[in-house]
Protein chains: 2
Amino acid sequence: VDPALPQLSLLDRGFTLADGLFETMRATGGAIFRLRPHLDRLRAGAAALHIAIPDDLDLDALVAAALHRAADAGLADAAVRLTVSRGPAAHGLGARGGRATVVLLVQPPPRFAPDIHERGITAAIASGRRNERAMTAGLKTLAYTDAIMALAEARARGADDALVLDTEGHLAEGSSSNVFLVLGRTLATPPLSCGALPGVTRAAVLELARGLGIAVAERALVRRELRAAREIFLTSSLRGIAPVVRVVGDGGGELVVGDGAPGPVTRALVEAYAELVRRETSPYAGGTP
Amino acid sequence: VDPALPQLSLLDRGFTLADGLFETMRATGGAIFRLRPHLDRLRAGAAALHIAIPDDLDLDALVAAALHRAADAGLADAAVRLTVSRGPAAHGLGARGGRATVVLLVQPPPRFAPDIHERGITAAIASGRRNERAMTAGLKTLAYTDAIMALAEARARGADDALVLDTEGHLAEGSSSNVFLVLGRTLATPPLSCGALPGVTRAAVLELARGLGIAVAERALVRRELRAAREIFLTSSLRGIAPVVRVVGDGGGELVVGDGAPGPVTRALVEAYAELVRRETSPYAGGTP
């Protein structure tokens, strides 16, 4: 369909109440890196929200068909977004019947600065907090208004992205990414109980680090550990691994991470991640899910 | 327009990221009760999110025209929802340009139990918390997924609505309503700093209580004050004042409020509120905003 043409009902609860979920994925050479965990997370979220994905809809087949057509149209490298909402309904929060809306968008990948892995980015600590005890904690729902505001605030302060703390002051995540710190010889990342989403790239990076013999820890990280970190990076499906070389505090102070350039652990993981994506999305991958 | 026909772009950020705001209002006899504060709140939220409401769009005139047509179609009593989103955009959280989407829906009012004021309702304390320190605290954004889950959980526990605590354990609000407690001779309601939205009905009830000589307090309320409360009620634009006669705790315990029926303060306010709505929406109201 032509995404510029109107397709959605004004009554769609995805629009009226953010009553739905989504996945953002990266297609490389016509294949999606780790499609399986993305679809698993979407299905788990739909089950938690009691949104029934229509029985007659095979998400795997839908994605495969869309990727095929996109590759034919010259979009073998793409940003792929799969959205599921509860569908149209009259007013009220009560979640009744209806048929879920499923939208698959294949778009050209966003253009990040080409030297992001050499120069790194700046992240600003958001003034608002992420709620690790929300009803929807751990679900990738459509409710991204807080993340939008955190990113807008960060940009207004000259930063490229936000770092968001949970309500107890622990590091949670970036505006739409997971966060990692190199502390001594350990690679640490917040646990899901601190408001981190269970990111697909996060899981891949934890795997890769273990494979490289790097000690990893999923533990609560307090704000002052940003200062102790030798390296910091953010992970997400579209941007991959983004080294953070400068942190702007919510009080206005600034912090240079390490020597102000991406460090050796980050660089090793950037390389290993690129290789992993190449391997798993290669046409010779032999069906590795 | 026919709301059953597709009208919205799949790229609308209201659908993809809950990047927008809304107001729900009650039309009575073709007039909206307190339209001005609803539109003011919407405009303030749009300013906070940096969403530009198109200059060529007069919201007051739009609402007036829609109400006129709705009354002609037999919908003088209606639920009116005004939604503003940032409009269509390609992927990414960054909030760039585009033209805002403005949707006005006039629907038949929801049917609440006719004896709600005599029998009251049951509210269940939600297992998840409301984030009083969110970036969007105090804004009526489209991000209602948490409220949807809180209501679904409450209904699964046999209750009619949810009571949600903030991250520090103070009472915040209902799933989409403000909450009031009668404590001794005082009518108390959580302040906005505890995650309460600045409800239009909440403000009207505070006004009415003062007019009736009832002491009012906006202050942080802890959970055990539910047990001390002689009366509890919820307020919202569509349902008005809903007496809460039973509270189901998140640990499974139950609490009967007062003698299990709407108390005298609640009943006095229900009557005064109905009279206020009648007066202000009457065709002889003489333009009182």
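Student: How does chain B lie on chain A, by what turn and shift?
Tutor: Chain B goes onto chain A with a turn of 180 degrees and a shift of 0.0 Å along the axis, at an RMSD of 0.0 Å (a least-squares fit on the C-alpha atoms of residues with pLDDT of at least 70 in both). The two copies are thus related as by a two-fold rotation axis. This is a predicted model, where local features need pLDDT of at least 70, side-chain atom pairs count only at pLDDT 80 or more, and totals for chains, interfaces and linings use all residues. Residues are numbered from 1 along each chain, chains are lettered from A and ligands numbered from 1 in written order, and side-chain values use heavy atoms, without hydrogens and water.

Student: New topic: how many aromatic pairs are there over all chains?
Tutor: Six; rings of Phe, Tyr and Trp (its six-membered ring) pair if their centres lie within 6.5 Å, with planes under 30 degrees apart stacked, over 60 edge-to-face and the rest tilted. One of them is Phe22(A) with Tyr144(A), edge-to-face at 5.1 Å centre to centre and 70 degrees between the planes.

Student: Is Phe22(A) buried or exposed?
Tutor: Buried, with a relative accessible area of 4% (buried is under 20%, exposed over 50%, partly exposed in between, using a 1.4 Å probe and protein chains only). Tyr144(A) is buried too, at 9%.

Student: And which charged end sits over the ring of Phe22(A)?
Tutor: That of Arg81(A), 3.9 Å from the ring centre; the criterion is NZ of Lys or CZ of Arg within 6 Å of the centre and within 35 degrees of the ring normal. In chain B, Arg81(B) sits over Phe22(B), also at 3.9 Å.
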